[in-house]
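Hi there,

Here is the structure I promised to pass on. Have a look at it first, and my notes follow underneath.

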Amino acid sequence: MKRLEKKHCYKKTVSMVMILLVLCMTACSEKVTQSGEEVTNSLSDSDTKPDEDISSMLNNDKDNITNSDETITQKDISQGETVTEMQITQEHDDGKTQQRTQSQQQTQAQQQTQSQQQTQQQTQQQTQTQQQTQSQSQQQTQSQQQTQSQQQSQPQVKYSKYDNYDVGDVIWLGNYYKIDSYNKFFINWIVLEKKDGKMLLISENVLEFHSFNKESRDIKWNKSELRDWLNSSFYYDAFSSSERMEILDTEIITDGITTTDKLFVFSKDEVAKYIPLNSDRISPTTTYLRYKTSKGMVMNNKDILSWWLRNTFKEECSGSLTGYLYYANVIDTSGAISAEQAGSGIIGVRPCMWINMYDY
């Protein structure tokens, strides 16, 4: 549109120039005519030349002037057209140049846009790659921390055989008398529970006779002779120093009193939980106990023995007796929960303990 408007303006300009030239030519012709008339008058007055010669001269002058004017007009028109064509050509060239410039600018803009988009994509890809790398690094760190935590919570197994034992299985740990009082043999232990790297064990057999407390008085587990014997004499006699390191301190509650023991006997609640069937509570004795004398009594061929629990109670004497009788609960030879006087020396002991499965 701009090019067409410019071309139209140039045409109007040329037309104006031509009109001005025509006006100039007309003015010149009038002046020439006036000049001719003056000359004619002058000649007529002077009578120096004939009229025909003067007329001929005037006519020639007019023709020359007319030809000159036409030549000038044609030149001007030609020059105007040439200028116009040059201007149009220049405008056309300028338009092409502008188009090329605009096209180049558009191309550059498109290239810049594409370059920016590529840069943004590369930046996004780099960001995603960095995020993925960070995520992988975090996952690796978490995995390492979890591995370290697992290694710390479950260290290497000291005795790998423990991993292969389940509840109800029998393991060997420690040594005590079985045949006679001169030679010791492995103690058999039944696995009652296995959790958190620990195992709860109870001896398969009654291992020894011992009174709950010799003195007939109100004695609880925490001050009983049985507890003292298990955690001192028996503890050091039955286990080596390395085996004693496996035995854990266990916090237990008996009749409302809390103690921490290495070895203990079951309470009524614990025996009901871990050995619910009476038939499973019956414990065969050992040859060592069959022929052992306890309080002047020979236990010949006694295959099944009662064994202590750690709960105690007292009963008021009846009849002619006064005072109280002090009892501790036991598992009798039928496997039922019963009671015997705390001073009895012919009740057996089945020790219990929690051991650590791992070497810290």
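Strands β10 and β11 (residues 337-341) run antiparallel and are joined by 5 bridges. Please keep in mind throughout that this is a predicted model. One pairing between these two strands matches alanine 328 with glutamate 340 in β11. The two strands make a hairpin with 5 residues between them, and in that turn glycine 335 has a positive phi of about 95 degrees.

β10 also pairs with β9 (residues 307-316): the two run antiparallel, with 7 bridges joining them. Here tryptophan 308 is opposite valine 330 of β10. How enclosed is β10 by the rest of the structure? Largely, because 6 of the 8 residues in this strand (residues 324-331) are buried.

Now to the core. Nonpolar side chains in soluble globular proteins tend to be buried together. In this model the largest nonpolar core has 52 residues, and Phe234, Phe239 and Phe266 have the most contacts inside it. The element that gives the most to this core is α3, with 6 residues. If you want a place to start looking, try phenylalanine 266: setting aside neighbours within four places in sequence, its contacts include Leu192, Leu200, Ile202, Val271 and Tyr274. Arg310 and Cys352 are also among the contacts of phenylalanine 266.

Then there are the charged pairs. Side chains of opposite charge can pair when their charged atoms come close. The structure holds 6 salt bridges, and three of them are described here.

- Arginine 227 pairs with aspartate 261, with the closest N and O atoms 2.7 Å apart. Arginine 227 sits in helix α3 (residues 225-238) and aspartate 261 in strand β6 (residues 257-261), so this salt bridge ties together parts that are 34 residues apart in sequence. Aspartate 261 is buried, at 1% relative accessibility.
- Glutamate 215 pairs with arginine 217, and their closest N and O atoms are 2.6 Å apart. Glutamate 215 is partly exposed at 45% relative accessibility, and arginine 217 is partly exposed too, at 42%.
- Lysine 195 pairs with glutamate 193, with 3.8 Å between the closest N and O atoms; the cut-off for a salt bridge is 4 Å. Lysine 195 is partly exposed, with a relative accessible area of 39%, whereas glutamate 193 counts as buried at 17%.

Happy to talk any of this through whenever suits you.

Best wishes

Key: Residues are numbered from 1 along each chain as its sequence is written. This is a predicted model: local features need pLDDT of at least 70, side-chain atom pairs count only at pLDDT 80 or more; totals for chains, interfaces and linings use all residues. Side-chain values use heavy atoms; hydrogens and water are left out. A salt bridge is a side-chain nitrogen of Lys or Arg within 4 Å of a carboxyl oxygen of Asp or Glu. Buried means under 20% relative accessible area, exposed over 50%, partly exposed in between (1.4 Å probe, protein chains only). Helices (H or I, at least four residues) and strands (E, at least two) are DSSP runs, numbered from the N terminus. A nonpolar core is a set of buried Ala, Val, Leu, Ile, Met, Phe, Trp, Tyr and Cys residues joined through side-chain atoms within 4.5 Å. Contact means heavy atoms within 4.5 Å. Two strands pair if DSSP finds at least two bridges between them.
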